Amino acid sequence: MDTQLTTLSSFIIDEQRRLGKQASGEFTGLLNDISIACKSIASLVNKGALAGVLGVAGSENAMGDAQKKMDLIANDLFINALQHNGHCAGMASEELDEILTLPEGKIRGSYLVTFDPLDGSSNMDINIDVGAIFSILKAPASGEDPTAEDFARPGVEQIAAGYCLYGPSSMFVLTTGNGVNGFTLDTSIGEFILTHPDMKVPETTNEFAINASNQRHWEPAVQQYIADCQAGETGTLGKNYNMRWVAAMVGEIHRILCRGGVFLYPIDERNREAGGKLRLLYEGNPMAMIVEQAGGLASTGYQRIMEVMPNGDPHQRVAVIMGSKQEVETILKYHEA
Ligand SMILES: O=P(O)(O)OC[C@H]1O[C@](O)(COP(=O)(O)O)[C@@H](O)[C@@H]1O
Ligand SMILES: [Mg+2]
Ligand SMILES: [Mg+2]
């Protein structure tokens, strides 16, 4: 039995020491806050109907999506974990219309956090994978309450990004800009334990993930690429492909980190004006940072996702094509044609 367990907190402390960072403990504290929110959510997701957390809440978020009960509970758990400990100065969430500053009297920390508290929430009621996605930015140096403009930073300025997948086991996957590491929740001791050090996205793949029911709305580049995948050995790509669709970005990206693949939620005729379907600040950017840190690529089809300049709307959308390096490069060639 391996008795040398590395917990998430000890990993972060050691990493900061190893990188020679003048650590005040605030960043470690912030990640600890986020991991506590994730553990609380994991516990409820795991209990499901027994905890009374299935079903719809009867409300809509800023984008008009029907909110599930668990969307709101997960959102509250993130907010509670982040607003009391003096590590965070403000947050943006899929489930909040506007950015959130701290209540009067709370200490403003040095970081901003954006999050999707429950990704893939339509999977909640059918007992399939869901997750949380988060991104960490530096708060304005002024120490004043942050504004929406302070969150409008391109993904290349992220300090850290991660997700927690609530699947058969719960996994916390984190990058602080020095590779990607995965931790599995040991529910018997309540700790995330390092189980997947230095995760890498395999460079090549023959697996793609796309919602094929949208096919008629896609641009010609994506139409042609998927047609060529489906043609298999007989087509120009010259290999047979497999397809997967978890319907939760967090599940797709986790699969890609474990065994490679590409995930596409591209521009189509219906979402062109909005810029895509998925959200830049709490879906596109954090997952792009993780995928790039693991050696993959993340693009809109025309531009690196992390270089998209946000427009100040916390719910700005973005087109997403990410995963195994060589396969994303192939898809980008279809966009150049
Ligand atoms: O409805 P579709 O096309 O299957 O979309 C699935 C996509 O929507 C999302 O569920 C959106 O996330 P939310 O559940 O957080 O709104 C993605 O995670 C997923 O990839
Ligand atoms: Mg989501
Ligand atoms: Mg969500």
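Colleague: How do the residues of the shell around ligand 1 divide into nonpolar, polar and charged?
Modeller: Four are nonpolar, three polar and four charged. Keep in mind that this is a predicted model.

Colleague: Which residues are around ligand 1?
Modeller: Asp 65, Glu 94, Asp 116, Asp 119, Gly 120, Ser 121, Asn 211, Ala 247, Ala 248, Met 249 and Tyr 265.

Colleague: Where does ligand 1 lie relative to domain 1 and domain 2?
Modeller: Between them, because domain 1 (8-196) and domain 2 (207-336) both give residues to its shell.

Colleague: How far apart are the C-alpha centres of the two domains?
Modeller: The centres of domain 1 and domain 2 are 23 Å apart.

Colleague: And how many residues are in contact across the domains?
Modeller: On the domain 1 side, 36 residues are in contact with 30 residues of domain 2.

Colleague: Which element gives the most to the side of domain 1 that touches domain 2?
Modeller: S6 does, with five residues. Strand S6 covers 130-138. Other elements giving two or more residues to that side include S5, helix H4 (148-151) and strand S7 (160-166).

Colleague: What about the nonpolar, polar and charged split on that side of domain 1?
Modeller: There are 18 nonpolar, 12 polar and six charged residues on the side that touches domain 2.

Colleague: Switching to annotations. Which residues does UniProt list for "binding site"?
Modeller: The unreviewed UniProt entry lists Glu 94, Asp 116 and Leu 118. They span 25 residues in sequence, yet no two of their C-alpha atoms are more than 8.8 Å apart, so they gather at one spot. Glu 94 and Asp 116 are also among the residues around ligand 1.

Colleague: Take Glu 94. Is it buried or exposed?
Modeller: Buried, because Glu 94 has 26 C-beta neighbours inside 10 Å. Glu 94 is in the loop between strand S3 (88-93) and strand S4 (100-101).

Colleague: What does Glu 94 touch, not counting residues up to four places away in sequence?
Modeller: Asn 61, Asp 116, Pro 117, Arg 279 and Tyr 282.

Colleague: Tyr 282 falls in H7, residues 280-293. How many residues of H7 are buried?
Modeller: For H7 the count is 14 of the 14, so the helix is largely enclosed by the rest of the structure. After H7 comes Gly 295, with a positive phi near 95°.

Colleague: Back to the UniProt list. Where is Leu 118?
Modeller: Leu 118 is in strand S5, residues 111-119. Leu 118 counts as buried, because 30 C-beta neighbours are inside 10 Å. Leaving out residues up to four places away in sequence, Leu 118 touches Met 70, Asp 71, Ala 74, Val 130 and Ala 132.

Colleague: Any odd backbone angles? What is phi of Ala 247?
Modeller: Near 70°, a positive value in a residue other than glycine. Most residues other than glycine have a negative phi. Ala 247 is in the loop between strand S12 (242-243) and helix H6 (249-259). Ala 247 is partly exposed, with 15 other C-beta atoms within 10 Å.

Colleague: And what about phi of Asn 127?
Modeller: Phi of Asn 127 is positive too, near 60°. Asn 127 lies in the loop between S5 and S6. With 11 C-beta neighbours inside 10 Å, Asn 127 counts as exposed.

Colleague: Last one, Val 222. Where is it?
Modeller: Val 222 is in helix H5, residues 220-231. Val 222 is buried, with 23 other C-beta atoms within 10 Å. Not counting residues up to four places away in sequence, Val 222 touches Leu 264 and Pro 266.

Definitions and conventions: Residues are numbered from 1 along each chain as its sequence is written. Chains are lettered from A and ligands numbered from 1 in the order in which they are written. This is a predicted model: local features need pLDDT of at least 70, side-chain atom pairs count only at pLDDT 80 or more; totals for chains, interfaces and linings use all residues. Helices (H or I, at least four residues) and strands (E, at least two) are DSSP runs, numbered from the N terminus. A residue is buried if 20 or more other C-beta atoms lie within 10 Å of its own, exposed if 12 or fewer, and partly exposed in between; C-beta atoms are placed from the backbone. Two residues are in contact if their C-beta atoms, placed from the backbone, lie within 7 Å. A residue is near a molecule or strand if its C-beta atom, placed from the backbone, lies within 6 Å of it. Ala, Val, Leu, Ile, Met, Phe, Trp, Tyr, Cys and Pro count as nonpolar, Asp, Glu, Lys and Arg as charged, and the others, Gly among them, as polar. Domain bounds come from an automatic or database domain assignment. UniProt positions are given in the numbering used here, feature names are shortened, and annotations may be inferred rather than shown by experiment.
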